[in-house]
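Colleague: Please take me through this model one feature at a time, and give the reasoning behind each answer.

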Amino acid sequence: PTTVQVNAALVSLNNMISMWGAEGLNYYIVRESKVLTAGVASYTVGSGGAFDTARPIRLLKCYLRDSDSYDWPVDVSSLSEYDDLYRKTQETRPDEVLFLPEYPLAKVIFNYEPDYAYTAYFDFEKSFTEFAATTTAFALPLEYKETLVYNLAIGIAEDWDRVVSKTLYAKAIDTK
């Protein structure tokens with residue numbers, strides 16, 4: 001392939017990965033932690049945010065750990081549940097957290113301002129990130145390999161005005 005075709009294939013790959021993220025097809029779950037600041041209930045999450053990590057799609061679970069290694073569950077609440085809280089500025093151990101998947105930075109907002117520098121553990125759902133270059137090293141679960149191969153083949157073929165077989169289309173659909 002020419003350099004132009006290689007660059008077009010990279011764009012096709014990244015478009016496909018982004019679309020799958022929007023469809024909820026290419027996600028993984030990662031546990032991450034952040035030491036909370038006493039008196040601060042709201043944190044931005046994403047590249048360059050207070051919690052500098054890849055921007056998550058969803059918060060599945062959260063708990064707090066104190067210095068004695070005691071764990072405290074934190075319920076993930078909905079926006080309407082959070083809105084119904086009447087004492088959001090009280091300083092105590094949070095027991096609920098709201099996740100707002102805003103863009104470019106998501107937010108986690110605890111129902112109370114922490115009274116202590118707890119370590120918060122989050123189970124986030126995240127999308128695979130796009131490839132920065134054709135040489136980008138990337139680890140994917142093996143179950144995604146055929147899906148990427150067949151669906152990218154269709155995207156590239158269409159970009160290059162190639163006709164693909166019905167079998168290839170069927171394989172792409174089956175693996176997705």
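The questions below deal with salt bridges, backbone angles, a surface patch and the internal spaces of this predicted model.

Colleague: How many salt bridges does the structure hold?

Modeller: The criterion is a side-chain nitrogen of Lys or Arg within 4 Å of a carboxyl oxygen of Asp or Glu. Arg31 and Asp123 make one such pair, with their closest N and O atoms 2.6 Å apart. Counted over the structure, the number of salt bridges is five.

Colleague: How many residues apart in sequence are the parts that Arg31 and Asp123 tie together?

Modeller: The salt bridge between Arg31 and Asp123 has its closest N and O atoms at 2.6 Å. Arg31 belongs to strand β1 and Asp123 to strand β7, which covers residues 119–127, so the parts tied together are separated in sequence by 92 residues.

Colleague: Is Asp123 buried or exposed?

Modeller: The cut-off for buried is under 20% relative accessible area. Its partner Arg31, at 46%, is partly exposed. Asp123 has a relative accessibility of 13%, so Asp123 is buried.

Colleague: Which residue forms a salt bridge with Glu32, and which strand holds that partner?

Modeller: Glu32 pairs with Lys126, and the closest N and O atoms of the two are 2.9 Å apart. The pair links distant parts of the chain, 94 residues apart, with Glu32 in strand β1. The partner is Lys126, in strand β7.

Colleague: Why does Lys126 count as buried?

Modeller: Buried means under 20% relative accessible area. Glu32 is buried on that basis, because its value is 17%. Lys126 is buried because its relative accessible area is 2%.

Colleague: How far apart are the closest N and O atoms of Asp71 and Arg65?

Modeller: Asp71 is partly exposed at 40% relative accessibility. Arg65 is also partly exposed, at 26%. The two form a salt bridge, and the distance between their closest N and O atoms is 2.6 Å.

Colleague: Which peptide bond is cis, with omega near 10°?

Modeller: Most peptide bonds are trans. Pro104 lies in the loop between β5 (96–100) and β6 (106–110). The cis bond leads into that proline, with omega near 10°, and runs from Tyr103 to Pro104.

Colleague: What is the phi of Ser69?

Modeller: Most residues other than glycine have a negative phi. Ser69 sits in the loop between β3 (58–65) and β4 (71–77), and is exposed at 53% relative accessibility. Its phi is positive, near 65°.

Colleague: Where is Asp161, whose phi is near 55°?

Modeller: Asp161 is a residue other than glycine, and its phi of near 55° is positive. Its relative accessible area is 70%, so Asp161 is exposed. Its place is the loop between α3 (145–159) and α4 (166–175).

Colleague: What accessible area do Tyr27, Ile29 and Leu60 have together?

Modeller: Patch residues need over 30% relative accessible area. Tyr27, in strand β1 (residues 27–35), is partly exposed at 36%. With Ile29 and Leu60, Tyr27 forms a nonpolar surface patch whose accessible area is about 280 Å².

Colleague: Which residues are closest to the centre of the largest pocket?

Modeller: The largest pocket has a volume of about 460 Å³. Of the 17 residues that line it, the closest to its centre are Arg55, Tyr103, Ser127, Phe128 and Thr129.

Colleague: Which helix gives the most to the lining of the largest pocket?

Modeller: By class, this lining has nine nonpolar, six polar and two charged residues. Four residues of the lining come from one helix, the element that gives the most, and that is α1 (residues 3–23).

Colleague: How many charged residues does the lining of the largest cavity have?

Modeller: There is one cavity of 30 Å³ or more, and the largest cavity holds about 40 Å³ of space. Its lining includes Ile17, Trp20, Asn26 and Phe128. Seven lining residues are nonpolar and one is polar, and the number of charged residues is none.

Conventions:
Residues numbered from 1 in each chain as written. Predicted model: local features only at pLDDT ≥ 70, side-chain atom pairs only at ≥ 80, totals over all residues. Heavy atoms only, no water. Patch = residues over 30% accessible without salt bridge, like charges linked within 9 Å, V, L, I, M, F, W, Y side chains within 5 Å. Areas by Shrake-Rupley, 256 points an atom, 1.4 Å probe, with all protein chains shown as cover. Helix = DSSP H or I, 4+ residues; strand = E, 2+ residues; numbered from the N terminus. Buried < 20%, exposed > 50% of the residue type's maximum accessible area, 1.4 Å probe, protein only. 1 Å grid on protein atoms, 1.4 Å probe; cavity = no way out; pocket = protein on both sides within 12 Å on 5 of 7 lines; lining within 4 Å. Points joined across faces, edges and corners; volume = space filled by probe spheres on them. Nonpolar A, V, L, I, M, F, W, Y, C, P; charged D, E, K, R; others polar.
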